[in-house]
Amino acid sequence: MKIRKFSFGKIVDCNSVIKDIKTENGEIPYFFNENGKLTLKFKKEDLVYGLGENVRGINKRGWIFESYCSDDPNHAQDKRSLYGAHNFLIIHGVDRSFGVLIDTPAKVKFDVGYSNNEKLYIDVEGNNYDLYIIDGDNLNDISREFRALIGESYVPPKWAFGYQQSRWSYKDEEEVRTIGDKFRDKNIPIDCIYLDIDYMERFKNFTVNREAFPNFEDMVSDMKKDGIRLIPIIDAGVKIEEGYDIYEEGVEKGYYCKDKDGKPFVAAVWPGRVHFPDFLNSEARLWFGKKYKWLVDKGIDGFWNDMNEPAIFYSEEGLKKAYEKVEESKNKNLDIYSFFALKDAFTGLSNSQADYNSFYHNMDGNIIKHNDVHNLFGHNMTRSAAEGLESIDSNKRFLLFSRASSIGMHRYGGIWTGDNTSLWEHLEMNVKMMPNLNMCGYLYTGADTGGFGGNCTEDLMKRWFQFSIFTPLFRNHSAMGTRKQEPFAFGEETEGTLKKFIEFRYGFIPYLYSEYMKASINNELMFKPLSFDYNDEISRGVEDQILLGDSLMLAPIIKQNAKGRYVYLPEDMLMVKAKSLDEINYEVMTKGHYYIEADIDEFIFFIRKDKILILGDSAKNVESIKNEELDVTVFLEDRANYMLYDDDGKSKEYIKGIYNNINIEIKNEDGDINVNCEVKGQTNVKKLNITVILKDKDNIKKCYKF
């Protein structure tokens, strides 16, 4: 049996239950009870993958992580939690590997060899959870079993794989139109521009600031005709304001979270004082989700949900205590301790445990303290949006992603990795997060390219673009008050380089979209550590090279001022060194260690042995791409197979099996290269330009016409 489930509660003796979980030889339990904590004794060689969105490396050994959705933009290495709560990990040993899911909405602490480097401690707040043990024949099998358990990943529209531009905040209609015009005038491809909080009337959800955006509907329509969609933000709090219909309707119907006295809980975020919709209540969830129709009717096709940990700037009670501390401190000689106490009274206002413990949910008749289900709030806000959008148009794919999340939300939308900073360390973190996020079901994901906070340098932006080319969500997002970081914000030379990178991304979409859809349908990973496919000792330790889909290994340059990087090849591979779609060089490289030079305007990646890369055309946006001809590059030893998936990119008809495949088979039969292609369904592709690269011979060019 590959999946075993064990339920725990306050009256359950953990040790008596989990002693039955044993390895195949029946001698050594996986887990035992040590001081009330679920405990595993590590072997020296054990690696620990998973935990989704978190700091540090792909292998999580050596630190403490807490699953507790946290509004914290300071993604330093000493942090224990970020915006997501992803309670799945894989223990990868030499002689045993298995997955572990802790299914609970409460806080979970994973002490992964920190307190004791030989032990994993799992401490669940409230000791009320389900434990799943997932076995498999290998790491890919374990991951596939887990993904099948939690459900198929969200699928966005194909245009959501195009380049996306955002900034807090494009302040008015003129600025938004100007940004779009610049992209078009400079022939830089783009599919989306984001509307941050300033598009709203005084930061109220499902409103438009008519002073700043007087012709909102016309702007949306005009830009969409030019191939640019506008993506507005939706926040988790509803402003308390008399006459605001959503506020008043929610109060009337009892759809907000309550305080201990049964009154709507009051907190503060962007608009000031707000109520939180009770997203864990099915009626309230659908009520809020249907409000998205107000913007859909104005031509909006996508949304990003924010501040849904939920973030709290302050509560009335917390603010009251802070003011009392000010009064208490007046006219006093404040020493170090009393000064810090005064300071902490205000720095501790935001996202305080006291506030999270002071409001309640009505989960369809069950009254539950928020902190007991904290990690489900953002999850259910995005579920709310997904269910609302489903009720608006059940066959249309909308772009939808969130900041906060937990295991299971991947069915409703994607995530971005939160409010990062323009730091090289955060580029590196972006690379290392991708496999662990995929393991937890999140395929549509990516970081704020260039960093949200801080001031991005030209070299960091170029290197970050070189990685974001390969991530499903490719959004350049920055904060108000920081250096602007649109592709044309850095000068002509950098603009030209970034334009070429964006054009490459559009040419890469046939492969990227194909791998995404196959991963979603088949419960597979897009991004994997090397050790998932290569079982040698060196591959187990590589942290800054990752596999992408069936064919590629990525090795991005993530260090400042680096003119290249060291790369380990676990087998013979074909190096691709590119500056643009038109400037690509290939070099056959044998298994081993290399230092590879790559200037700031070029990037490298690798085609694996007997694997195929598909590249198409660039265009001003995804829907303008014709791709009647595709370039096929194969690094061939014996036989290479690739199934290129495609569909209409808009509807959910793919669920019914309505899509097309081009199955490509290329064989080397004693130097004679044979190509076979089979098309299933309808395709726009009329011609394949095939380049076969053999290890010891000249390249072979072939053309295949349909």
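**Close-up views of a predicted model**

UniProt, in an unreviewed entry, puts the feature "domain: DUF5110" at residues 629-693. Keep in mind that everything shown here comes from a predicted model.

**View 1. The stretch that UniProt labels "domain: DUF5110".** Looking for helix here? Residues 629-693 are 0% helix and 65% strand. The C-alpha atoms at the two ends of this stretch sit 19 Å apart.

**View 2. An open sheet of three strands, β39-β40-β41.** The strands come in that order, and their pairing is antiparallel. Which strands are at the edges? They are β39 (639-646) and β41 (672-680), each pairing on one side only. On average, and ignoring direction, neighbouring strands of this sheet are turned by 10° against each other. Zooming in on one pair, β40 (residues 660-669) and β41 run antiparallel and are joined by nine bridges. To find your place in that pair, start from asparagine 663, whose bridge partner in β41 is glutamate 678.

**View 3. The hairpin of β2 and β3, plus a link to β10.** Strand β2 (residues 31-34) pairs with strand β3 (residues 37-41) in the antiparallel sense, over four bridges. Phenylalanine 32 has threonine 39 of β3 as its bridge partner. Two residues lie between the strands of this hairpin, and asparagine 35 takes a positive phi near 55°. β3 also pairs with β10 (residues 119-124), again antiparallel and over four bridges. There, leucine 38 is matched with isoleucine 122 of β10 as its bridge partner.

**View 4. The stretch annotated "domain: Glycoside hydrolase family 31 TIM barrel".** That name comes from UniProt (unreviewed entry) and covers residues 154-514. Over those residues the chain is 39% helix and 16% strand. The end C-alpha atoms of the stretch are 15 Å apart.

**View 5. Helices α8 and α9, packed together.** Here α8 (residues 316-329) meets α9 (residues 336-347) at an angle of about 160°, and their axes are 9 Å apart. With an angle over 145 degrees counting as roughly antiparallel, α8 and α9 are therefore roughly antiparallel to each other. Their crossing is left-handed. On the α8 side, the contact is made by Ala322, Tyr323, Lys325, Val326 and Ser329; on the α9 side, by Ala341, Leu342, Ala345 and Phe346. Sorted by character, the contact residues of α8 and α9 are seven nonpolar, one polar and one charged.

**View 6. Helices α12 and α13, another packed pair.** How do these two helices lie, parallel or antiparallel? The angle between α12 (residues 424-439) and α13 (residues 458-468) is about 5°, with 10 Å between their axes. Angles under 35 degrees count as roughly parallel, so that is what α12 and α13 are to each other. α12 brings Trp424, His426, Leu427, Asn430, Val431 and Met434 to the contact, and α13 brings Asp459, Leu460, Arg463, Trp464 and Phe467. These contact residues split into seven nonpolar, two polar and two charged.

**View 7. Three loops with backbone details to look for.** Most peptide bonds are trans, and most residues other than glycine have a negative phi. Between tryptophan 168 and serine 169, though, the peptide bond is cis, with omega near 0°. Serine 169 belongs to the loop between β12 (164-167) and α3 (173-185). Another cis peptide bond joins glutamate 309 to proline 310, with omega about 0°; proline 310 is in the loop between β19 (302-306) and β20 (314-315). Phenylalanine 203 has a positive phi, near 60°. Look for phenylalanine 203 in the loop between β13 (192-195) and α4 (216-225).

Definitions and conventions:
Residues are numbered from 1 along each chain as its sequence is written. This is a predicted model: local features need pLDDT of at least 70, side-chain atom pairs count only at pLDDT 80 or more; totals for chains, interfaces and linings use all residues. Side-chain values use heavy atoms; hydrogens and water are left out. UniProt positions are given in the numbering used here, feature names are shortened, and annotations may be inferred rather than shown by experiment. Axes are lines fitted to C-alpha atoms, for helices over the stretch in contact, and angles run from 0 to 180 degrees between N-to-C directions. Angles under 35 degrees count as roughly parallel, over 145 as roughly antiparallel, 65 to 115 as roughly perpendicular and the rest as oblique. A crossing is left-handed if the near helix is turned anticlockwise from the far one by less than a right angle, and right-handed if clockwise. Contact means heavy atoms within 4.5 Å. Ala, Val, Leu, Ile, Met, Phe, Trp, Tyr, Cys and Pro count as nonpolar, Asp, Glu, Lys and Arg as charged, and the others, Gly among them, as polar. Two strands pair if DSSP finds at least two bridges between them.
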